[in-house]
Amino acid sequence: MSGRQAINPDALSRYLAGACPGLLGDRLDITKFGGGQSNPTYLVDTGAQRFVLRRRPSGAVVSSAHAVEREARVMRSLGETGFPVPAILHECPDPGVIGSPFILMTYLDGRVFWDPTLPGEPAETREEIYFALVDALADIHTTDIDAAGLGDFGPHTDYFERQISRWSRQLEAGDVPLPGADRLKSWLTESKPADELVTLVHGDFRLDNVIFSPDTPGVLGVIDWELATLGNPLADLSYFLLSWIIPAGVAGTPALARADLAELGIPTRETVAERYFARTGYDRPDEFAFYYAYNLYRVAAILHGIAHRSRSGTASNTNAAEIGRLATPAIQLALDIAENTRASW
């Protein structure tokens with residue numbers, strides 16, 4: 001392994017010998033997972049067992065991002081409730097070991113789907129996969145945060161105000177302005193709803209952040225909790241529902257927006273939303289325009305940050321520059337939704 005995010009196996013081996021000797025075996029093979037754009041994640045095989053190492057990126061990063069210790073806390077707490085997540089094996093806050101703080105967790109040997117149309121899966125299984133996804137999201141949002149020890153995992157008020165402020169700061173921290181971002185921020189600030197619900201929110205709940213059983217549609221574990229906090233669950237739900245809205249030119253991947261859902265056996269956005277509200281018992285809003293526009297603003301800020309990391313040499317993935325360019329169409333789609341130039345939301 002080479003590059004800025006490479007891990008020195010000798011340094012890691014020496015640390016594990018003292019901190020986690022039970023993890024060591026007759027070798028130490030480290031392979032970086034592809035696909036992620038934020039906290040670099042690696043499969044570690046020691047011969048004795050396989051486990052996952054997730055680290056904060058090395059180099060200069062946004063101060064409010066990449067908090068692997070928060071990921072560890074929420075996964076540990078949820079695991080104790082029985083919710084499917086990887087088990088946390090160890091936390092290392094010392095950046096001197098491999099160049100940045102890291103956590104170790106169990107490796108879940110299952111399936112990750114990158115294409116939302118689920119090619120290769122029979123139609124009846126596609127429906128079951130999407131129902132399992134929305135059920136998992138509903139279960140996150142109905143977790144008793146106090147009983148899980150997460151009552152202080154974030155503020156209980158002004159979620160959207162805080163989030164708009166956070167993502168605007170990230171946009172402003174970039175070295176290149178993003179056209180339309182200021183206009184969208186103004187609309188979001190003026191249009192934000194009251195925060196009537198406070199639950200645990202994942203922050204990045206989507207198909208490829210869920211590991212499925214090797215041979216059934218069951219969920220083995222929900223991963224990538226970097227953006228988790230307390231907030232309005234409709235932010236999470238609407239982010240997930242964007243999979244049915246965002247065209248391929250914005251998503252940068254295959255999309256459901258123009259897919260023949262009936263032929264594929266994939267439930268519609270409406271069916272998924274109905275299932276969510278039936279499972280949670282929460283009231284459904286009259287429309288989702290604000291929530292979709294807010295999430296696209298957030299996505300644009302994340303993409304803009306990826307582009308910035310690409311230019312500064314701290315990106316986690318080799319395709320960061322290409323992915324970062326999607327920030328502009330994300331802002332434009334959000335403005336379309338906000339300014340009612342598209343169909344009803």
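**View 1. Asp-45 and its salt-bridge partner Arg-27.** In this predicted model, Asp-45 counts as buried, because its relative accessibility of 18% is under the 20% limit. The side chain of Asp-45 meets that of Arg-27 in a salt bridge, with 3.2 Å from N to O. This pair links distant parts of the chain: Asp-45 belongs to strand β2 (residues 41-45), while Arg-27 sits in the loop between α1 and β1, and 18 residues separate the two. Buried or partly exposed, what is Arg-27? With a relative accessible area of 39%, Arg-27 is partly exposed. Widen the view a little and two further residues join in: salt bridges that share partners connect Asp-26, Arg-27, Asp-29 and Asp-45 into one network.

**View 2. A salt bridge within the loop between β5 and α3.** Here Arg-111 forms a salt bridge with Glu-121, and the closest N and O atoms are 3.0 Å apart. Both residues lie in the loop between β5 and α3, 10 residues apart. Glu-121 counts as buried, at 15% relative accessibility.

**View 3. Asp-204 paired with Arg-206.** In this salt bridge the closest N and O atoms are 2.5 Å apart. Asp-204 is on the buried side of the cut-off, with 15% relative accessibility. Arg-206, by contrast, is partly exposed, with a relative accessible area of 27%. For the wider context, how many salt bridges does a search of the whole structure find? The search finds 16. As a general reminder, side chains of opposite charge can pair when their charged atoms come close.

**View 4. Tyr-15 against Phe-102, an edge-to-face pair.** A search of the whole structure finds 16 aromatic pairs. One of them joins Tyr-15 and Phe-102, whose ring centres are 5.7 Å apart and whose planes stand at 75 degrees to each other. This pair, too, links distant parts of the chain: Tyr-15 comes from helix α1 (residues 9-19) and Phe-102 from strand β5 (residues 102-106), with their positions 87 residues apart. Which of these rings is buried, and which is partly exposed? Tyr-15 counts as partly exposed at 21% relative accessibility, whereas Phe-102 counts as buried at 1%.

**View 5. Tyr-159 and Phe-160 within an aromatic cluster.** Tyr-159 and Phe-160 make an edge-to-face pair, 5.2 Å from centre to centre with 70 degrees between the planes. Both Tyr-159 and Phe-160 are buried. Follow the rings outward and you meet their companions: Trp-187, Phe-288, Phe-290, Tyr-291, Tyr-292 and Tyr-294 form one aromatic cluster together with Tyr-159 and Phe-160.

**View 6. Two arginines over aromatic faces.** Arg-70 lies over the face of Phe-153, at 3.9 Å from the ring centre. In a second example, the face of Tyr-239 has Arg-298 over it, at 4.7 Å from the ring centre.

**View 7. Helices α3 and α6 crossing.** The axes of α3 and of helix α6 (residues 233-241) come within 10 Å and cross at roughly 165 degrees. How do the two helices run relative to each other, parallel or antiparallel? An angle over 145 degrees counts as roughly antiparallel, so α3 and α6 are roughly antiparallel to each other. As for handedness, α3 passes α6 in a right-handed crossing.

Definitions and conventions: Residues numbered from 1 in each chain as written. Predicted model: local features only at pLDDT ≥ 70, side-chain atom pairs only at ≥ 80, totals over all residues. Heavy atoms only, no water. Phe/Tyr/Trp six-rings, centres within 6.5 Å; stacked < 30°, edge-to-face > 60°. Helix = DSSP H or I, 4+ residues; strand = E, 2+ residues; numbered from the N terminus. Buried < 20%, exposed > 50% of the residue type's maximum accessible area, 1.4 Å probe, protein only. Lys NZ or Arg CZ within 6 Å of the ring centre and 35° of its normal. Salt bridge = Lys/Arg side-chain N within 4 Å of Asp/Glu carboxyl O. Axes fitted to C-alpha atoms, helices over the stretch in contact; angles between N-to-C directions. Parallel < 35°, antiparallel > 145°, perpendicular 65-115°, else oblique. Left-handed = near helix turned anticlockwise from the far one by under 90°.
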